[in-house]
Amino acid sequence: MARTARPAANGDAAANGDAAARGNAAARGNAAQDAKVRVPAGGGPVKGSAAKAGAAKGSAAKGSAAKGSAAKAGAAGRSGSGNSAGRRPSANAARGQARGRRDVVPPVPPAGPEGPAAWLRWATFGLAILGLAASAYLTYTHFTDSALAGCTETSGAVNCGKVTTSPQSMVFGIPVAVLGLAFYVFLVAIMSPFAWRSRRREIALVRMLSLVVGIGFVLYLLYAELFQIDAICLYCTSVHIITFLLFVLTGLAVAIWGLPPRTAKP
């Protein structure tokens with residue numbers, strides 16, 4: 001009976017692994033007990049069969065241990081391959097994200113305003129030329145002692161000669177007409193379309209500052225004409241009006257379009 005149980009135990013252990021081994025071990029335990037019961041008092045052959053059955057048990061146990069080790073190795077291999085497979089997509093995803101970041105073009109900020117409208121540039125340039133012409137004519141009549149064309153020389157409120165020859169027509173020993181000429185030469189240059197197109201902040205600041213100084217000087221001359229000389233000059237008044245218009249238009253340009261940024265280049 002022991003010889004019959006050994007092949008069956010070996011076959012079951014090879015087929016079913018750990019669970020079959022446990023079942024076969026139980027079966028062999030029952031067979032061993034049964035063999036002990038049936039062994040006669042002096043039975044040597046049965047003892048040899050029992051020894052062979054014990055050897056079969058040891059080989060079956062070794063096979064089960066080997067299968068268990070193989071199963072553990074297979075599980076570890078599957079786990080390792082699963083982990084590597086899990087890491088590979090994450091690495092690919094990281095590379096895709098990096099490539100996507102490189103491919104994305106940063107948005108271009110909208111271009112800032114190009115400056116005042118064309119009509120304002122040309123209007124200020126034209127007014128500056130008119131102011132330059134009037135200042136040049138006043139300078140010419142001052143040094144030639146000639147009468148101003150179209151301006152009365154009566155004792156009324158309009159008396160160009162009285163204004164141009166009064167003590168107030170000189171400032172620090174310099175004729176007001178010459179100061180006005182120099183001022184408008186500068187204004188023609190800074191009011192030109194080329195100067196308006198420049199995006200240098202310094203040019204815009206100097207333009208506005210020069211007109212602030214000019215309008216302050218105009219207010220002084222108006223005070224002198226109305227309260228000290230008690231007469232007005234039509235040419236001088238025309239220069240005052242032109243200066244005031246330039247001041248208003250330049251202030252309007254700054255209010256609407258603002259000053260160029262500090263980093264702007266021409």
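Where is Asp-230 found? I opened this predicted model with that lookup, and I found Asp-230 in the loop between helix H7 (201–229) and H8.

**Entry: the loop residues with positive phi**

I noted that the phi of Asp-230 is near 65 degrees, a positive value in a residue other than glycine. With a relative accessible area of 56%, Asp-230 is exposed, since I take over 50% as the cut-off for that class.

I then turned to Phe-172, which is not a glycine either and has a positive phi of about 55 degrees. Phe-172 is found in the loop between strand S1 (170–171) and strand S2 (174–175), and I recorded it as exposed because its relative accessibility is 82%.

**Entry: the cysteine pair**

How many disulfides does the count come to? I obtained 0 disulfides, and I wanted to see the distance behind that result for Cys-233 and Cys-236. The cysteine sulfur closest to that of Cys-233 belongs to Cys-236 and lies 3.4 Å away, which is too far for a bond, because the rule asks for a pair of sulfur atoms within 2.5 Å. Looking from Cys-236, I found Cys-233 as the closest partner, again at 3.4 Å and therefore too far for a bond. I also checked exposure, and Cys-233 is buried with a relative accessible area of 0%, while Cys-236 is buried with 14%.

**Entry: helix H8**

I took H8 to be residues 234–257 and compared its expected and actual span. At 1.5 Å a residue, its 24 residues should span 34 Å, and the C-alpha atoms at its ends are 34 Å apart, so the two agree. After H8 comes Gly-258, for which I noted a positive phi near 75 degrees.

Which residues in H8 are buried? I listed Cys-236, Val-239, His-240, Ile-242, Thr-243, Leu-246, Leu-249, Thr-250 and Ala-253. I found that the elements covering the buried residues of H8 include helix H3 (118–144), helix H4 (160–164), helix H5 (176–190), helix H6 (193–197) and H7.

I looked up Ile-241 in H8 separately, and it is partly exposed, with a relative accessible area of 48%. Between Ile-241 and Ile-215 I recorded 26 residues of separation in sequence and 9.7 Å in space, taken from C-alpha to C-alpha.

**Entry: H3 against H8**

Two packed helices are described by the angle between their axes and the distance between the axes. For H3 and H8 I found that the axes come within 9 Å and cross at roughly 155 degrees. H3 is therefore roughly antiparallel to H8, and I noted the crossing as left-handed.

From the H3 side, the residues that meet H8 include Trp-119, Leu-120, Ala-123, Leu-127, Gly-131 and Leu-138. From the H8 side, I noted among others Tyr-235, Cys-236, Val-239, Ile-242, Leu-246, Leu-249, Ala-253 and Trp-257. Several names recur from my buried list, among them Cys-236, Val-239 and Ile-242.

**Entry: the whole chain**

I closed with the overall picture of the protein chain, which has 8 helices and 2 strands. Read from the N terminus on, the elements run α-α-α-α-β-β-α-α-α-α. Of the 266 residues, 29% are buried. Among contacts between residues at least 6 apart in sequence, I found that 75% join residues at least 24 apart.

Key
Residues are numbered from 1 along each chain as its sequence is written. This is a predicted model: local features need pLDDT of at least 70, side-chain atom pairs count only at pLDDT 80 or more; totals for chains, interfaces and linings use all residues. Side-chain values use heavy atoms; hydrogens and water are left out. Helices (H or I, at least four residues) and strands (E, at least two) are DSSP runs, numbered from the N terminus. Buried means under 20% relative accessible area, exposed over 50%, partly exposed in between (1.4 Å probe, protein chains only). The expected span of a helix is 1.5 Å times one less than its number of residues. Contact means heavy atoms within 4.5 Å. Axes are lines fitted to C-alpha atoms, for helices over the stretch in contact, and angles run from 0 to 180 degrees between N-to-C directions. Angles under 35 degrees count as roughly parallel, over 145 as roughly antiparallel, 65 to 115 as roughly perpendicular and the rest as oblique. A crossing is left-handed if the near helix is turned anticlockwise from the far one by less than a right angle, and right-handed if clockwise.
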